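Let's take a walk through this model together, one group of residues at a time. Keep the structure open beside you and turn it as you read.

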Amino acid sequence: MSPNLESHIKSQVPAMLLRRFFGGAGRRDEPTKHHYHLPRPPAGRRRVFVQTETGCVLGMDLDRGDNAHTVKRRLQLALNVPTGETSLTFGDRVLENDLSFIRPDSPLLLTRNSINRSCSTPCLCPVSKEFEHKDHSGLVEMLGCSISCARVKRLVEDVVIAIRSGVDPVPIGSGLGGSYYFRNMAGDRVAIVKPTDEEPFAPNNPKGFVGRALGQPGLKKSVRVGETGFREVAAYLLDHDNFANVPPTALVKITHSIFNINCPVNGGSPAPPHDQEQVSSKIASFQQFIAHDFDASDHGTSSFPVAAVHRIGILDIRIFNTDRHAGNVLVRNFDGGTGRFGCQTELFPIDHGLCLPENLEDPYFEWIHWAQSSIPFTEEELEYIKNLDPMRDVAMLRRELPFIREACLRVLVLCTIFLKEAAASGLCLAEIGEMMTREFRGLEEEPSKLEVICMEARRKLAEWEPFSHVVEQGEDMDFQFSMDVLGEYSDVIRSPRFNGSGTKGNSFRNPLSKLVESIDEDNDDDEDGRSESSMRSSERVPSGGLKLPSSGTKSSGSNGSVHALNRSADEQLPSSVCFVRLSDMNAEEWNIFLEKFQELLKEVLNERAAAAGQRMKQRLGTSCKF
């Protein structure tokens, strides 16, 4: 027997044993692979996953000489997808000839150019067995991998073994998007899978919330359709040392007939659920299922550990969570035992798909109403906050999620700096959350204190000498988030750098002074400093004379103001105003902006502390007067 033949036979024996171990469920012509992912491509080749904006996914190996044109050609041949007038994107970057920087196991997105977008374009999704011969993928393949994903790998192995043994996943009826329980051999729920193309408004949403393509603005205008999955992973990666108890999460390419497809390839009616001929591959978030007794909306919050609430809040501040409602906090009770922090109740934060938006908007912090958030941070919590390094976090996310958008990373940096400075100045969690939260006055949405500081930093950036000539020569520029097929839903996003507040000769009333003045103001005086009421929320640009929100309790009162904390992303909300934009700055401008922001933030926090001390002194000095 020749050495080459002997080597070939030896390599085939383990594969045959593995196939027999998994019940022979795979096809005979199925290529040899590990039971949860394929082996790495040969040196010089990288495996990537190309997704169309309608949800189709194809795994392919890139050679050294491949470019965007060859990738499109393969996609067209494999899926019969039209690729004319399309762009291949990787996060913020539009790919052309050079693909050398693409990391292995990265997802790419094929989008139609804006002029050719149409809601009537059919979804072309792989639904036949022929597709399986074109994409030789494993049942579950992880997109990117690191040491932190070890727990997820074990879950993936359990899920694949169960699927091959006939244990099917179960659709989840709640929520606006498509999600599924995946089980192990014993039939126990071990993971929750959320396909990106079944998100609210995505093409294959199973609950009727459709109408937009992947990459377009979604439920939140600053979170694009199809991009909540990597945000779930980012929240897990940013939860260092499992500080806040985020369940292990990864991004995967997963294939199963359970997934929903609204428009089959041949243009016919959707196939019925559980149709075994309807096999589709999806890019999805894959998160460990947490056994729990209820969520925070079903139980009083008084029994929640202070430390658990603080830790969830610290994470939410860092990632600018726009959807931390009570249903997104799972509660587990320990009868006769204790969980973390020596308590009988343990909290698990989930559903982080609406964190790290591309612009600052109105966050939603349910815990801001809980008594635990008004208790000062402990020394351990302050030490954790002090040791946070936003630049190191950014480097980590770029390494683990190289397709993440730069605007999301800037929000992370800004909010982490804000948290560190605010905590060091003595603010409690509730006070920090209030400074980040907007409120409604009448029909108008007012910027948060954090946004006001950012607006002033943008003004100072525009006046900074190297950039001042840009403002003098430029006119008022509008930045529009691409929403070509939405018509009347399009929102104009204006940057304070280019509005009248940044030009010479314009009298600008410094809004920072109002941050401290508002501390002592009653809600009855709120109407006096309001800007012109004729400005509507979809096109307002805050002026220097803008009346800032008071620091009092944010709730509906006799004056009719309704605070944004009464809202959740579970509701279909009107579009939110963008008061300040972070993504339109180049690297040098961003660095200068951060310097100005930190200077202004320290000034505001010092004045706030001084004002609070003065009020306390006045109370003590007048308490004995009759």
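Start with Arg 324 and Asp 316, whose side chains meet in a salt bridge, with N and O 2.8 Å apart. This is a predicted model, so every value you meet here is computed from predicted coordinates. Is this pair buried or exposed? Arg 324 is buried, with a relative accessible area of 1%, and Asp 316 is buried too, at 0%. Because buried means under 20% relative accessible area, both partners fall on that side of the cut-off.

The structure holds 27 salt bridges, and a few others are worth a visit. Arg 112 forms a salt bridge with Glu 53, and here the closest N and O atoms are 2.2 Å apart. If you trace the chain, you will see that this pair links distant parts of it: Arg 112 sits in strand β5 (residues 106–112), while Glu 53 lies in the loop between β1 (46–52) and β2 (57–62), and the two are 59 residues apart. Both ends of this bridge are buried as well: Arg 112 has a relative accessible area of 16%, and Glu 53 has 2%.

Now turn to Glu 406 and Arg 398, which form a salt bridge with their closest N and O atoms 2.8 Å apart. How accessible are these two partners? Glu 406 is partly exposed, with a relative accessible area of 30%, and Arg 398 is partly exposed at 42%. Elsewhere, salt bridges with shared partners join Asp 92, Arg 224, Glu 227, Arg 231, Glu 358 and Arg 405 into one network. Try selecting those six names together in your viewer to see the network as a group.

Another acidic residue to look at is Asp 66, found in the loop between β2 and α2 (68–79). The side chain of Asp 66 makes a polar contact with the side chain of Arg 74, at 2.8 Å. Which residues touch Asp 66 once its neighbours within four places in sequence are set aside? They are Asp 61, Arg 74, Asn 97 and Leu 99. With a relative accessible area of 9%, Asp 66 is buried.

Next comes the sheet. In what order do its strands lie? There are 6 of them, forming an open sheet in the order β6-β10-β11-β9-β8-β7, with antiparallel pairing. The edges belong to β6 (140–142) and β7 (170–171), each of which pairs on one side only. Helix α4 (residues 150–164) packs on this sheet and touches β6, β8, β9 (189–195), β10 (249–256) and β11 (280–288). The direction of α4 makes about 130 degrees with that of β11. A further helix, α5 (residues 228–238), lies across β9, β10 and β11, running at about 145 degrees to β10.

You can step across part of the sheet by following its bridges. From the edge, 2 bridges join β7 to strand β8 (residues 180–183), and these strands run antiparallel. Here Val 170 stands opposite Tyr 181 in β8. Moving on, β8 and β9 pair in the antiparallel sense over 4 bridges, with Phe 182 partnered by Ala 191 of β9. The hairpin of β8 and β9 has 5 residues between the strands, and in it Gly 187 takes a positive phi near 85 degrees. From β9, 5 bridges lead to β11, again in the antiparallel sense. Ala 191 appears in this pairing too, with Gln 288 of β11 as its bridge partner. Why is β9 described as largely enclosed by the rest of the structure? The reason is that 5 of the 7 residues of β9 are buried.

Finally, look at the cysteines. A disulfide is a covalent bond between the sulfur atoms of two cysteines. How many disulfides does this model contain? The count comes to 0. Cys 355 shows how this works out: the nearest cysteine sulfur, that of Cys 408, is 8.4 Å away, and Cys 355 is in no disulfide. Because a disulfide requires sulfur atoms within 2.5 Å, the 8.4 Å between these two sulfurs rules the pair out. Cys 355 is buried, with a relative accessible area of 0%, and Cys 56 likewise counts as buried at 0%.

Terms used: Residues are numbered from 1 along each chain as its sequence is written. This is a predicted model: local features need pLDDT of at least 70, side-chain atom pairs count only at pLDDT 80 or more; totals for chains, interfaces and linings use all residues. Side-chain values use heavy atoms; hydrogens and water are left out. Two strands pair if DSSP finds at least two bridges between them. Contact means heavy atoms within 4.5 Å. Axes are lines fitted to C-alpha atoms, for helices over the stretch in contact, and angles run from 0 to 180 degrees between N-to-C directions. A salt bridge is a side-chain nitrogen of Lys or Arg within 4 Å of a carboxyl oxygen of Asp or Glu. Buried means under 20% relative accessible area, exposed over 50%, partly exposed in between (1.4 Å probe, protein chains only). A polar contact is a pair of N or O atoms within 3.5 Å; within protein, one must be able to donate a hydrogen and the other to accept it, and residues adjacent in sequence count only if both atoms are side-chain atoms.
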